[in-house]
Amino acid sequence: MALYLGLMSGTSLDGLDIALIEQGAQLRLLATHYVPMPTDLRQELLSLCSSGADEIARAALAENRWATLAGEGVHALLASQQLPASAVRAIGSHGQTIRHEPARGFTVQIGNPALLAELTGISVVADFRRRDVAAGGQGAPLVPAFHEHLFGHLGQRLAILNIGGFSNLSLIEHDKPVHGFDCGPGNVLLDAWIERQLGQTYDANGRWAASGQVQADLLSRLLSDDFFAGSGPKSTGREVFNLAWLDRHLAQLPAYSIHDVQATLLELTARSIIDALQNAQHGTEALLVCGGGARNGALMARLGQLLPAATVSSTGSHGIDPDWVEAMAFAWLAHCCLEGIAANRPSVTAAQGLRVLGAIYPA
């Protein structure tokens with residue numbers, strides 16, 4: 001048995017999730033820690049998602065701050081468990097995605113894993129996505145292999161849905177390779193719209209969206225985006241779905257109330273997920289949801305309404321806290337890298353074959 005730490009900082013940029021797992025005959029989640037993202041660092045990381053002045057130096061400084069924040073979080077978690085750094089075999093660090101353009105042959109996650117190894121005294125495995133892109137893949141999503149590892153034993157026609165800034169599906173059926181892809185925006189537009197209009201970083205439980213009415217014309221325009229056609233492999237990011245994209249559509253339509261726009265964005269998230277699921281896997285028996293979107297009651301209710309023939313619940317119904325699945329996944333990906341286990345899935349990313357993912361920075 002070995003202990004691993006997983007670090008995940010997603011597109012919502014709210015903070016860093018840190019999970020401590022034990023990998024043995026079975027995988028166990030032992031402890032967790034959350035580090036809020038400082039407001040100024042969040043704004044800088046957001047600004048790095050598009051071109052700007054002096055961006056190379058700014059990215060280098062931002063990733064040093066990110067690594068320092070992550071190192072402090074690792075030390076806090078280890079202290080809470082009374083564990084020395086030497087007890088942990090490796091940290092799996094996703095880093096922070098600032099660009100993801102596989103069609104142009106690149107994806108960029110920053111996080112200075114060398115500095116993180118120095119700060120923690122623990123080996124770091126990072127840069128998981130680029131090897132899959134180098135092999136002709138999308139580099140995302142990477143979690144379907146982990147979802148299969150966790151839930152493949154359930155024996156159902158199963159879908160695992162992660163709703164972070166963006167949403168992605170893992171489709172698991174008996175005697176078939178796991179399939180998966182990005183569905184489109186998860187919380188990214190919902191968060192951006194409420195932050196612009198009300199100064200809040202997210203719509204708690206979807207209450208503001210629930211106060212509005214879905215606008216059919218706007219929804220139809222949003223769903224007409226080319227990304228929503230086809231069942232993958234495909235992945236996306238802020239390069240495609242952002243406030244500028246939304247503003248271009250709004251400019252072509254009558255003015256709507258701001259809460260009606262929020263309601264329509266929630267419907268966009270739910271509809272794009274269920275449309276993609278029904279197109280890719282008929283007869284889904286259960287949909288298990290993880291990520292921050294699992295805490296959005298209005299969104300979860302809408303997913304259940306759109307998929308009445310299936311059981312819709314969070315991964316918590318199977319004993320896995322939905323907030324920590326992705327951080328656990330990157331701890332597991334570190335284990336796979338050190339053991340030489342291929343962790344991408346060509347059926348998900350369209351890579352030319354199975355590949356061991358990650359670069360190792362020894363303690």
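This dialogue goes through helix packing, sheet pairing and a salt bridge in a predicted model.

Colleague: How are two packed helices described?

Modeller: They are described by the angle between their axes and the distance between those axes. In this model, helix H8 (residues 216-223) and helix H10 (residues 258-280) pack at an angle of about 45°, and their axes are 10 Å apart.

Colleague: Why are H8 and H10 called oblique to each other?

Modeller: Angles under 35 degrees count as roughly parallel and those from 65 to 115 as roughly perpendicular; the angle here is about 45°, so H8 and H10 are oblique to each other. The crossing of H8 past H10 is right-handed.

Colleague: Which residues make the contact?

Modeller: H8 contributes Leu218, Leu219, Leu222 and Leu223. From H10 come Val261, Thr264, Leu265, Glu267, Leu268, Arg271 and Ser272. By class, the contact of H8 with H10 has 7 nonpolar, 2 polar and 2 charged residues.

Colleague: Turning to the sheet, in what order do the strands of the open sheet stand?

Modeller: The order of the 6 strands is S3-S2-S1-S4-S7-S13, with mixed pairing. Strand S3 (27-36) and strand S13 (359-361) each have a single partner strand, so they stand at the edges with one side lacking a neighbour in the sheet. On average, neighbouring strands are turned by 20° against each other, direction ignored.

Colleague: How many bridges pair S2 with S3?

Modeller: Strand S2 (residues 15-23) pairs with S3 over 9 bridges, in the antiparallel sense. To find the register, look at Glu22, which stands opposite Arg28 in S3.

Colleague: Which strands does helix H3 touch?

Modeller: Helix H3 (residues 113-120) packs on the sheet and touches strand S1 (2-8), strand S4 (88-93), strand S7 (124-126) and S13. The direction of H3 makes about 160° with that of S7. Helix H12 (residues 325-338) lies across S1, S2, S3, S4, S7 and S13 and runs at about 125° to S1.

Colleague: Where is the turn residue with a positive phi in the hairpin of S5 and S6?

Modeller: That residue is Gly105, with a phi of about 85°; the hairpin has 4 residues between its strands. Strand S5 (residues 96-101) and strand S6 (residues 106-110) run antiparallel and are joined by 5 bridges. Gln96 stands opposite Ile110 in S6.

Colleague: How many salt bridges does the count give?

Modeller: The count comes to 16 salt bridges. One salt bridge is between the side chains of Glu44 and Arg58, at 3.1 Å from N to O. Glu44 lies in helix H1 (residues 39-47) and Arg58 in helix H2 (residues 55-81), 14 residues apart, and the pair links distant parts of the chain.

Technical notes. Residues numbered from 1 in each chain as written. Predicted model: local features only at pLDDT ≥ 70, side-chain atom pairs only at ≥ 80, totals over all residues. Heavy atoms only, no water. Axes fitted to C-alpha atoms, helices over the stretch in contact; angles between N-to-C directions. Helix = DSSP H or I, 4+ residues; strand = E, 2+ residues; numbered from the N terminus. Parallel < 35°, antiparallel > 145°, perpendicular 65-115°, else oblique. Left-handed = near helix turned anticlockwise from the far one by under 90°. Contact = heavy atoms within 4.5 Å. Nonpolar A, V, L, I, M, F, W, Y, C, P; charged D, E, K, R; others polar. Pairing = 2+ DSSP bridges. Salt bridge = Lys/Arg side-chain N within 4 Å of Asp/Glu carboxyl O.
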